[in-house]
Amino acid sequence: MDAMLEWARGPVFVFSLTFMLLGLLRHVLVTFYEMRRTLGRAGDKVLPYRQILKATAQWLFPAGKIRHEPLFSVTSMIFHVALLVVPLFLGGHILLWQRGLGISWPAIPNALADVLTVVAVVAAVALVVQRAAARASRDLSRASDYLMPLIVALPFATGFLAMHPALNPFPHQAMLFLHVMSGNLVLVLLPITRLSHAVLLPSLQLVAELGWRWPLDAGSKVEKALGKQGEPI
Amino acid sequence: MTSAPGKYSFYVEKDAYEVTDRPRKLLEAFAAVLEHSSYGLALDVFARVTAKCSRCAASCQLYEATGAARDIPCNRSELLLKVYRRYFTQAGVFKARLLGGGFTLTEEYIDRMGENFYRCTACRRCKLTCPMGIDHGLITHLARWLLAEVKLIPKALVVSVREQLQGVGNTSAIPPAALIDTCEFLEEEFRDNYNADVKFPIDKEGAEHVFFPAVSDYLLEPDTLMGNAAVMAVSGGSWTIGTKNYDGINYGLFYSDRMMERIVKNEVAEVRRLKGKKILIGECGHATRSAWFGRTFCGPDAPEVVHCLQYAHRQLKQGKIPLKDEKIEERVTYHDPCNIARTGKITEEPREILKTICRDFVEMHPNRTENYCCGGGGGTVSIDEIREFRTKDMGRRKAEQIRATGAKYLVAPCANCKKQLKEVCEDHGLKEVTVIGLHDLLLKVIDFDAYRRQNQNEAGPVAATTQAAKAEEE
Ligand code: SF4
């Protein structure tokens, strides 16, 4: 078991982290490149930057959007806060970074981490329940939409049990292994699923606006490409 | 000749049924559009991040009314994103090769797209509630273009565009001679009813503004046009109507960027022919929004676009519109046309004007950028055979909003909104409501006596001098 744990924490983690970083970096670069290209050839390059920035900020910090769907919004926001804070600021994680790479940063108190962890798991389950309960979201959902919050919550649930042996009915090492592996899974999934919104979110409002910024003569060029010039309407 | 609605809930032209091999043709068109236009990035990112959170459902008036799964904005957009993912992303192509089977674009699927993308008015209200910034209006816009390339277009839309680009030159098929007649008739009305000398200047070279209303106003909304002309006259504005092109309507916006481009270019060409400076748009939402695409289609020196409400508002603020002491007494409410209000471009000007000229102005809720569409947006208003859908499903929310205000006048500065709202009021028993243009109300309160006095005092062509002063100012 020890060897497996080392393997999960060692090569598999390094692979997953690298995969995630490179994958997300690729998204950022490609998006940035495409934004420049689209704007570069747009006939109308004057963008309503203030409006775009405002919308972007509103969705990065969506407190103002709660009123539309209060229950769902609040659950989702709590979920996101926990997701961002715990993995990055847990004392135990920082210790690993320090051991591995010699870098460290301030940690949150373990008690807070515990609370946030439970919150993350509860919120994930609540999101799934809400999704299934409301007609519109049920009509929309693909299987993966139900699965995704649960997968993301997995490292939290297993981490919590690993940290609290008294509550853990399973062998400690096995739990730790599951924790690390599920964490690795989430890392790998980040760039290749909708989780990529983690890095794309700040660009989304601008991207949507750029969709309307067509190149000069785009219509006639399409017409030509399709051999439809001069075709009667 | 058309086939009766049956296959689709709207009429299509006969040749729409004769197109063979539509999946291949649609994909070819899709590929060409991705290469030559700007939709690629948005689609790519949307297809990646779409989270199916369903927040959009609650913001769409159609879903609110029908509760049908297919009317959830995100579900409709998925129809197109699915095609994009399967045929235009590496992962999709790879998956299809590797696993075979899976999703394929079929004739039936195209029919489904055709039906569903015309159940959306592209009002873009749902964009405001999507955490991922997905612009379902953009997707509807693009999907309709692709469908148009396999001729799946509501007949009403093609017929209008054909008339505009290949026929008489405008969507209502009004020949220039009839236009001139109408203008002369309206000038007479001014003399008879207002004892005022107000002109509709035709083909005047070098005018600052070249006027493009929804051409249907010449047939249906004389009071709006008289309001426009009155504002121009009393404020000493320099404007003209070009006889080569006097139609602001652009149904290309609703189904094909190819058509849209041609129509916008024609508009710009008319301004250049007349050596005008600006495009002045009448009370029409989509005409304004399409004209705003001038720079997109004609580059950075396309003429500036001025909406008649912006113009009237500026003149009013500068005290250039003499008003009677009496105000409009009846209760008035204002409908924000999506095409000018959704992005917040024109929301305050009409309100400030209305608050100045009306004693009892009330808001509908929600309003401004969050307004509900009249229910006839995206060109659907011109599709008569779907009236019941437009007024009962799409328009239900609007009807409730209107009723709640208790207003007598429902001001809607948009030819399309007006037609739709009249039908909504009819079909929902809102008999006491009069749907009206903002300039129609202005016409009621402009003090033509003051205008006449001013003209006499200055004893000379006042319009010309003010015009020269204005030109200098700028
Ligand atoms: S654009 Fe308007 S009509 Fe279309 S789905 Fe969104 S809210 Fe509904």
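In the predicted model, B:L80 is in contact (heavy atoms within 4.5 Å) with B:F30, B:L43, B:M113, B:F117, B:I139, B:L142, B:A143 and B:L146, residues up to four places away in sequence being left out of the list. Together with B:Y255 and B:L441, B:L80 touches the most other members of the largest nonpolar core, which holds 157 residues; such a core is a set of buried Ala, Val, Leu, Ile, Met, Phe, Trp, Tyr and Cys residues joined through side-chain atoms within 4.5 Å, where buried denotes under 20% relative accessible area with a 1.4 Å probe, protein chains only. A second, separate core of 17 residues includes B:M364, B:C373, B:A399 and B:L430.

Of the 474 residues of chain B, 63% are buried, and among its contacts with a separation of 6 or more, 80% join residues 24 or more positions apart.

In chain A, helix α3 (residues 70-89; helices are DSSP runs of H or I, at least four residues, numbered from the N terminus) has its end C-alpha atoms 28 Å apart, in agreement with the 28 Å expected for 20 residues at 1.5 Å a residue, the expected span being 1.5 Å times one less than the number of residues. Within α3(A), A:S73, A:T75, A:S76, A:F79, A:A82 and A:V86 are buried, and their cover includes α4 (91-101), α5 (110-133) and α7 (143-163) of chain A as well as α3 (55-59) of chain B.

Residues are numbered from 1 along each chain as its sequence is written, and chains are lettered from A in the order in which they are written. Local features need pLDDT of at least 70 and side-chain atom pairs count only at pLDDT 80 or more, whereas totals for chains, interfaces and linings use all residues; side-chain values use heavy atoms, with hydrogens and water left out.

How values were computed: Buried means under 20% relative accessible area, exposed over 50%, partly exposed in between (1.4 Å probe, protein chains only). Helices (H or I, at least four residues) and strands (E, at least two) are DSSP runs, numbered from the N terminus.
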